[in-house]
Amino acid sequence: MPTPIEIAHLTLRQRCTGLGIPTLAIDGAGALVPGPHATLADRLVSTAAFVDPLLAAASLWAGQPAPGVAELFTGCHAAPIPVEERRRRNGYTVALAFTPAMLSQPAFFEACSAAGVAHQEAHAALAPIATQTPESIAQLRSFLRWMAVDVAQSADQSEAAGVLTSELSASYEQLDAVYDIGRAIGDLTNPPKFVGATCKRLRAALSFDFVAARFADDPAVTPDLRGTTILNGRSPIRDDEDNEELASRSLGVLMRLTPGRDWSIIEPGPDSPLAPASQTLVQPLIREGRVIGAIIAANKTGSDPAISSHDTQLIHAAGGFVNAYLENSALYLEQKQLFMGTIQAVTASIDAKDHYTRGHSERVSHLSELLARALGLPDREVEWVRVSGLVHDVGKIGVPEAVLTKPGRLTDDEFAAIKRHPEIGHNILRAVAPLGPALPGVLSHHERWDGDGYPNGLAGEEIPLIARIIGLADTFDAMSSNRSYRSALTREKVLAEITRCAGQQFDPKLAPLFVRLDFSGFDALIAKHAGDAPSRQAAA
Ligand SMILES: [Fe+2]
């Protein structure tokens, strides 16, 4: 690609050609620059008859701020226009102007024979422009100087426009990356995913061989990031992308950081633990006034290996996002643990009203989660199934304890009281906004596939999936446990009963999946509560 100075040179010569003025060009070392031989005049002036005296004259121009017009031979005048790059002279564009006398000079005849052109033909071609006078040559020189200034300014402007365009596109890339990272900040449930995506986006926007995030083994770091190194790109250590050496060297980078500092650059050298051959850009991650991690980028790709202000600005912004994310996700985790702890305490206290149902909600929650996973539901929905399983019987809080724990047959009224628990639970939990997606499981877990269930007599797929899942787990646990009115059934009988009732009580697609679940976790929960309840057995 031509440089701006080459373009300026070329533009000047093209303008002269357009005006019918032949030109020659001399480079910074004083040698002739081969030019276009577009016209007969170009061919003639490129011969030794013109070039030799020109180079001799040019050798005197060095050091002259504005070299004047030189007469190369009688009637042949050369007007040099210095070409400058950053105030350094880098050659000349030379415009040639002829008086009529030139056409009869021996040098002109020499040029004709050297170019292989008949004298008459050359004469006819040049006569129209060989009309200058000493005055018009002086005017031409002034005009050419003005044109040179104009061309130089245009070149500067186009260079500035080029710089501006590349700055703008880098800024756009930067903005786009910041937007992407900012958008991902909403999902607080998966810190490793957020940090991984941030490293990936940074690497794409900044053209580094690798971008890594290293976290200290510090309680202020969320547990699933604590002590980890997340790498995007080619490992700076070996082909193995996540090895111990990488972990320990990135820890070395972390150890040298102090809080309160923005990004820093580690210069190449043996002191640079991750990328000894290139500059390493490090953005500390801060929490509670301590450095708890860092984003590290090195081995820049592309033509310029130096870290730019775009790199530092973007990594600094990304560091801010990661800091905010870590803060929010820690708060979220805290809130979630508090929330789940409260729910577990409430449900456990309800289960405990009846010795026979102790641990029931936890087991139903566990089995419902297994079935939801076996169905291939996304993680978020599995989580709602789990929560719904935990709270499905909350409504029993509104059923008299005497009815819940009554041995023997229930009266119609007592049974009606029991059957109200799904609606009672639904009404209680409706006030807890974050539980919204779990509510259908609470309201409809006693509906049956054949429509004979309660409270609304829904059938088939009218029953929300979450309720069909919990209904299965609920019945399995009830059959597997002792009740005041009967003993636990064996695992074999329970599974046979579930298979038999597929399409009647249970969703015929869910039942076969359910009977193939791994019940070892369920048995462990039974064992956990075995000490609490009288004569409970793990129905193996
Ligand atoms: Fe229930």
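Which residue takes a positive phi in the hairpin of β9 and β10? In this predicted model, the residue in question is Glu288, with a phi near 50 degrees, in a hairpin that has two residues between the strands. The two strands of that hairpin, β9 (residues 280-287) and β10, are paired in the antiparallel sense through eight bridges, and within this pairing Leu285 is placed opposite Gly293 of β10.

Strand β10 also pairs with β6 (residues 208-215), to which it is joined by seven bridges, the two strands again running antiparallel; here Ala213 stands opposite Ile295 in β10. Of the 11 residues that make up β10 (residues 290-300), eight are buried, and the strand is therefore largely enclosed by the rest of the structure. For the protein as a whole, 36% of the 540 residues count as buried.

At the level of overall architecture, the protein comprises 19 helices and 10 strands. Its radius of gyration is 43 Å, well over the 24 Å that the globule rule gives for 540 residues, so the protein is more spread out than a compact globule. The C-alpha atoms, taken along the principal axes, fill a box of roughly 135 × 50 × 40 Å. The domain assignment gives domain 1 (4-158), domain 2 (185-328) and domain 3 (352-530), and the centres of domain 1 and domain 3, taken over C-alpha atoms, are separated by 98 Å. Among the contacts in the protein with a separation of 6 or more, 62% are accounted for by residues 24 or more positions apart.

Definitions and conventions: Residues numbered from 1 in each chain as written. Predicted model: local features only at pLDDT ≥ 70, side-chain atom pairs only at ≥ 80, totals over all residues. Domains from an automatic or database assignment. Buried ≥ 20, exposed ≤ 12 C-beta atoms within 10 Å, placed from the backbone. Helix = DSSP H or I, 4+ residues; strand = E, 2+ residues; numbered from the N terminus. Pairing = 2+ DSSP bridges. Rg over C-alpha atoms; globule rule 2.2 N^0.38 Å. Contact = placed C-beta atoms within 7 Å.
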